[in-house]
Amino acid sequence: MAENQQAMFGHKVIFLNPDFGGHGEVFKKLAEDEYEVYFIENYRDAKNVLREYKDSICIVYADEAMTKRKMINFIISCAKDESLNSTIFYLITSDLNIKEKKALEEAKPCFDSVITFNPRTAFLIQAIELQLEEKNAKGRRQYVRVSCSEDKDAIALAEMEGRLYKFKMHDISIVGSACAVESKFAQFFQKGTVIPSVNFSLAGKQIAVGEVAVYATFNAGGSEKLVLLFKNPLGGENKDFVHNYIREKFDGDILTIIKSRPRDQEDYSKDFSKKDSEEQ
């Protein structure tokens, strides 16, 4: 990712082995705080996803001895692979012995640090978000948005001066949406226009947004694309619905990658390097 893109969009945050105690609360809080979060259940799918999502932050959970060894070897393997070594790794675990710490030195600088597992979920959330803030995971973009252009039923109805206009939605966040309107209606939706009432239809749900401002416009393939900002960010069940919609889209993207590529067959159960063993 180019430096200016990284500054704008930040990093995808990918959890590998996302089944630690309190994970549901952790992921809910990260979504509420607008981090772009993904999940990989099986480590044998992880390299394929990380190759696709370069410059990601990968947070790996491992607390049982053999699993920890596998995950440390996995991180070291990624650090030595030019197609993967743009990933920033963290390891969530309760503790590391001297041998494990020495082994992780091989993964520097891809491996950043350990996030100590804390059964008090509020403190674990705080520790994770501290690392994400230090790495500017959000970038300048403060709200996660997702494409809905392939959803043929994702539309918006805008009411202006007693008329209804139909827009095709291209993306959605809790603070705005990009939509397309027929070029013949573009004159009514110039930059700065305030639309008194907009209602979205998304995945079978009707969302009343209320007042919306046209933030920007540009021509896109015979139609006019409008960037709309909501007067008030979505709240309550509408906010939860959009966050769930975003997560389902992200889960679908991960599944598409996993299904289209062969699984990793590397043996990560081996002991750490002989050099490390001799130093014990």
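A salt bridge here is a side-chain nitrogen of Lys or Arg within 4 Å of a carboxyl oxygen of Asp or Glu. In this predicted model, the pair D81 and R51 fits the bill, with N and O sitting 3.0 Å apart. D81 belongs to the loop between helix 4 (65-79) and strand 4 (88-93), while R51 is part of helix 3, so the contact ties together parts that are 30 residues apart in sequence. As for solvent, R51 is partly exposed, at a relative accessible area of 32%.

Applied to the whole model, the rule turns up 18 salt bridges. One of them joins R141 to E36, whose closest N and O atoms are 2.9 Å apart. Both partners come from loops: R141 from the one between helix 6 (121-134) and strand 6 (146-147), E36 from the one between helix 2 (23-32) and strand 2 (37-40), so this pair ties together parts 105 residues apart in sequence. R141 is buried at 18% relative accessible area, and E36 is buried too, at 9%. The pair doesn't stand alone, either: K12, E36 and R141 are linked in a network of salt bridges.

Then there is D45, which bridges to R263 with 2.8 Å between the closest N and O atoms. Here D45 sits in the loop between strand 2 and helix 3 (46-52), and R263 in the loop between helix 7 (236-259) and helix 8 (274-278), so the link ties together parts 218 residues apart in sequence. D45 has a relative accessibility of 4% and therefore counts as buried, the cut-off being under 20%. R263, at 43%, counts as partly exposed.

Conventions. Residues are numbered from 1 along each chain as its sequence is written. This is a predicted model: local features need pLDDT of at least 70, side-chain atom pairs count only at pLDDT 80 or more; totals for chains, interfaces and linings use all residues. Side-chain values use heavy atoms; hydrogens and water are left out. Helices (H or I, at least four residues) and strands (E, at least two) are DSSP runs, numbered from the N terminus. Buried means under 20% relative accessible area, exposed over 50%, partly exposed in between (1.4 Å probe, protein chains only).
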